[in-house]
Amino acid sequence: MATRQLTVIDSLAIRPPDRPRRLSPAPGLGEFATDDLAMPRFHVWTLGCQMNQSDSEEMAGALLAAGCTEAPSMEAADLIVINSCAIRETAEAKIIGRQGYLARLRETNPALRVVLAGCAVRTANRERLARRYPSVDLFLRPDEEPELVARLGLAGPTAPGPMLPDEAAPVADALPSVRADAVTGGRIARRSGIQAWLPIIYGCDKTCTYCIVPFSRGPERSRPFDDVVGEARRLASAGYREVTLLGQNVNSYGHDLAPEPRFAHVRRTRELGRRIDLEGRPDIAELLRAIDGIRTADGVPAIPRLRFITSHPWDLGDRLIAAMAECPSVCEHLHLPVQSGSDAVLRRMGRQYSVTSYLDLVERLRAAVPGIALSTDVIVGFCGETEEQFGETLALLERVRFDTVFAAAFSPRPGTPAARLPDDVPPAEKRRRLNELLALQERIGWERNLAWVGRTTEVLVDGIDRPRSHDHGEDAAGGEAAPAHLPPLGPGEVRLGGRNRENRLVHLAGSPDLVGRLVGVRVVHAGPYSLTGVRVGTDGAPGSRHDPAAAV
Ligand code: SAM
Ligand code: SF4
Ligand code: F3S
């Protein structure tokens, strides 16, 4: 059976077809999937954040629903979808670096088509994109991703899915309803049967001067409250153990939705140069409570673990803190990007909070949710960052004692406000600062991990660790000796990995059928980045929820 030749409906399709293409008669009017043509095998390569992972699940789901099959690798695919990230130059460089490889793949498979989707694609730079990514046939901005199937000419006339480009006013506004259709139609190819992403708000209204996201993903658009809760119900029925609500700034969820009498008790305001009254609109606290309220017959949360990411410190209010404290399913972990420990740098970054207000927030969180683990993002070497200002960031890390810090050197992004400021910290100095910060955090993270030793914690086992040579009896033959802290494997046991509610990575030994289960684990060893423990129970094992001893 011949492989279906993919058409590409794009005004900027930059490469002439290798063989005559059967172009669809009009943009968006797809072909029938006929029996004599095999639908393409696709492979999705995802870079970037959780939002991209979630978007990739949607694109893969749409391709599967159209009749395509998934290929295990790029080499085995007729269609490669690259879901790109543009947060730093290195993220884009990864894709540019693959162009030669993609060109070689095309030599062996002339039917191969390559789609570049995601944050590296912005209307303003399409011409430039075509020059930068010569192996790409079709570019799709994040808000255009729902058009993937139609633009490849794969949509049958009865296929559900995207609107014609012409009729799609601002397509970005369609994302929430496209998601709702995909959910009800079962067209989300979720990568895990244990943990699920649940987008609640698209885009970002913030103006952090270094950040490309508002340009690549556009303004905020919240999904309707009932759609989000409905998707959570489906996940609960499907047995998901953990759900993470997603958005660039989940704390501003709901401000763009219509007020409703049922949310009359929600009284809040938003400061955007002026005070905006948000009374009567749902917020993330309402969402957490509603999802936490989905209960089993025994009255326990049907989804035992609920997380949300990312929280902008400016928008994190008392209503959310109270919901975190009162909802048993909400995990004792918060990712709260601080970016810098210097007020002057925060001002240049346009972050809208001061170090003092951030510290106050941390205090309120720790008081309300004892033992809460905190992680953060830091940018070093931002425009004009002096040695002293960098020192203030180190001091902040010492003071807050985050569990995890994701740090990166500032990378100017074309088109952002910061790209007009002098990028005056030399690359070698950025590297030095980054290394110094990471070394400091390694010590702090390790100290915090050591405080877990001897305690019992609840772990959601999410996979089998890659086997190591010492697990196959190679020690005697001179192979790698088992580290002393690794408990020996019993009969039928493998090494498993998972996370506790505080998001610490925990290794343990056990039967493979523990994957997907919540187990009690006594921690016997702590490294800088993970814990090792022994199993002491199964589902319903003692959790660490609000265990005062957890306040390390
Ligand atoms: N929305 C989140 C927030 O409020 O911080 C994070 C979004 S961004 C996808 C993830 C992280 O990338 C940011 O927190 C920031 O630390 C980092 N980042 C963003 N732009 C950057 C740039 N131009 N250079 C280096 N790091 C950057
Ligand atoms: Fe970027 Fe700031 Fe929006 Fe986060 S809040 S996505 S850092 S603009
Ligand atoms: Fe990257 Fe876009 Fe996420 S720029 S970090 S993939 S929102």
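**View 1. Residues around ligand 2.** A residue is near a molecule or strand if one of its heavy atoms lies within 4 Å of it. Around ligand 2 these residues are C204, K206, C208, Y210, C211, V213, P214, Q248, H312 and R351. By class, the shell around ligand 2 holds 6 nonpolar, 2 polar and 2 charged residues (Ala, Val, Leu, Ile, Met, Phe, Trp, Tyr, Cys and Pro count as nonpolar, Asp, Glu, Lys and Arg as charged, and the others, Gly among them, as polar). The model is predicted: local features need pLDDT of at least 70, side-chain atom pairs count only at pLDDT 80 or more, and totals for chains, interfaces and linings use all residues. Residues are numbered from 1 along each chain as its sequence is written, chains are lettered from A and ligands numbered from 1 in the order in which they are written, and side-chain values use heavy atoms, with hydrogens and water left out.

**View 2. The open sheet of 3 strands.** The strand order is 8-11-14, with parallel pairing (two strands pair if DSSP finds at least two bridges between them; strands, E, at least two residues, and helices, H or I, at least four, are DSSP runs numbered from the N terminus). Strand 8 (195-199) and strand 14 (305-309) stand at the edges with a single partner strand each, so one side of each has no neighbour in the sheet. From one strand to the next the twist averages 20° (axes are lines fitted to C-alpha atoms, for helices over the stretch in contact, and angles run from 0 to 180 degrees between N-to-C directions). Strand 11 (residues 242-246) is joined to strand 14 by 5 bridges, and T244 stands opposite R307 in strand 14.

**View 3. Helix 1 on the sheet.** Helix 1 (residues 50-65) lies across strand 8, strand 11 and strand 14 (contact means heavy atoms within 4.5 Å). Helix 1 runs at about 95° to strand 8.

**View 4. Packing of helix 9 with helix 10.** Helix 9 (residues 284-292) and helix 10 (residues 318-326) pack at an angle of about 15°, with axes 8 Å apart. I284, A285, E286, L288 and R289 in helix 9 meet R319, L320, A322, A323 and E326 in helix 10. This contact has 6 nonpolar, no polar and 4 charged residues.

**View 5. Two loop residues.** A cis peptide bond, with omega about 10°, joins I309 and T310. T310 is in the loop between strand 14 and helix 10. Q339, a residue other than glycine, has a positive phi near 75°. Q339 is in the loop between strand 15 (333-335) and helix 11 (343-349).
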